[in-house]
Amino acid sequence: MQIANTTAIVTGGASGLGAATAAALAAGGARVLALDLPAACAAAPAVEGVEYAPTDVTSEDDVRAAVARAAADPARPLRVVVNCAGIGPSARILGRKGVHDLGLYRKVVEINLIGSFTVLALAAEAIAATEPDADGQRGVVVNTASIAAFDGQVGQAAYASSKGAIVGLTLPAARDLAQYGIRVMTIAPGIVETPMLATVSDEFRAGLAAGVPFPQRLARPEEYASLALAIIEHDYLNGEVIRMDGALRMAPR
């Protein structure tokens, strides 16, 4: 799949994994629409080739408007979607304050799973309407899971549930969209140096890195972006989940 002279949607595109991926796609010649919440878009740095679109991925209307904007230029057809938007709060099913907040559980699933599915489905509708390339390809969607989908820790019931569902979505989505020439892949990152870790101490961060077999450090957002671009350009990758974790297998806690 060619990246240059196409349009890409990246959710969570104002920071972390999404920002790194948006910048990499733009450097590759794509017009990039970075979807994120309004405050995040307002605070995001200017990046050549990246347009920010204030969007709540849990809002069908917001996503439809963003997809329409992304698909508006037939000279640069919408070909790529990378879903990075997500949250990862921690709470035990039964904790000191009682049962897991059911509203919080619902919110995690709505953002991480339903938000990703909404963007995937509505973008696929637009991509399916484009002309295929010489090989019958129209596009590729890369979703973001987590190694928590496989090795969920204490306090990760909501997060691991949502990311496990992304893993389960991968193959049926790829099969559903195959007739339209759209591939679906998932990246399951390990511990990545993102704004979610910005508030923790250097000592805690070093402890996290020490648990990674090799390389014994945290992953970088740019490494996620590099893998996403490799997936996009590798036409025979479809319906699979790739762990990007330095061989880390998470302990119970």
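**Exercise 1. Two helices that meet**

Find how close the axes of α3 and α4 come, and at what angle they cross.

*Solution.*
Step 1. Locate the helices. α3 covers residues 60-70, and α4 covers residues 102-128. Helices here are DSSP runs of H or I with at least four residues, strands are runs of E with at least two, and both are numbered from the N terminus.
Step 2. Take the axes. The axes of α3 and α4 come within 10 Å and cross at roughly 35°. An axis is a line fitted to C-alpha atoms, for helices over the stretch in contact, and angles run from 0 to 180 degrees between N-to-C directions.
Step 3. Give the hand. α3 passes α4 in a right-handed crossing. Right-handed means that the near helix is turned clockwise from the far one by less than a right angle; anticlockwise would be left-handed.
Step 4. List the contact. α3 brings E60, V63, R64 and V67, while α4 brings T118, V119, L122, A123, E125 and A126. Contact means heavy atoms within 4.5 Å.
Step 5. Sort these residues. The contact of α3 with α4 has 6 nonpolar, 1 polar and 3 charged residues. Nonpolar covers Ala, Val, Leu, Ile, Met, Phe, Trp, Tyr, Cys and Pro; charged covers Asp, Glu, Lys and Arg; the others, Gly among them, are polar.

A note on the model: it is predicted, so local features need pLDDT of at least 70 and side-chain atom pairs count only at pLDDT 80 or more, while totals for chains, interfaces and linings use all residues. Residues are numbered from 1 along each chain as its sequence is written, and side-chain values use heavy atoms, with hydrogens and water left out.

**Exercise 2. The sheet**

State the order of the 7 strands and the kind of pairing.

*Solution.*
Step 1. Read across the sheet. The order is β3-β2-β1-β4-β7-β8-β9, the pairing is parallel, and the sheet is open. Two strands pair if DSSP finds at least two bridges between them.
Step 2. Find the edges. β3 (50-54) and β9 (241-244) each pair on one side only. From one strand to the next, the twist averages 20°.
Step 3. Count bridges around β7. β4 and β7 are joined by 3 bridges, with V82 opposite V142. β7 and β8 are joined by 6 bridges, with N143 opposite T186.
Step 4. Go on to the edge. 4 bridges join β8 to β9. There, V241 is the bridge partner of T186.
Step 5. Add the helices. α3 lies across β1, β2, β3 and β4, at about 170° to β2. α6 (residues 157-177) lies across β7, β8 and β9, at about 165° to β8.

**Exercise 3. Inside β7**

Decide how many residues of β7 are buried. Then examine N143.

*Solution.*
Step 1. Count. In β7, 6 of 6 residues are buried. Buried means under 20% relative accessible area, exposed over 50%, partly exposed in between (1.4 Å probe, protein chains only).
Step 2. Split by direction. G139, V141 and N143 point one way; V140, V142 and T144 point the other way. In a regular strand the side chains alternate between the two faces of the sheet.
Step 3. Look at N143. N143 has a relative accessible area of 0%. Leaving aside neighbours within four places in sequence, its contacts include N83, S116, I166, T186 and Y224.

**Exercise 4. Salt bridges**

Which residues join D151 in a network of salt bridges?

*Solution.*
Step 1. Set the rule. A salt bridge is a side-chain nitrogen of Lys or Arg within 4 Å of a carboxyl oxygen of Asp or Glu. By this rule the structure has 10 salt bridges.
Step 2. Start with D151. D151 meets R243 at 3.0 Å, N to O. D151 sits in helix α5 (residues 148-151) and R243 in strand β9, 92 residues apart.
Step 3. Add the other pair. D245 meets R249 at 3.2 Å, N to O.
Step 4. Join them. The network links D151, R243, D245 and R249.
Step 5. Check the surroundings. D151 is buried at 16%, and D245 is buried at 11%. R243 is partly exposed at 25%, and R249 is exposed at 51%.
Step 6. Compare a pair within one helix. E60 and R64 form a salt bridge at 3.0 Å. Both lie in α3, 4 residues apart, about one turn of the helix.
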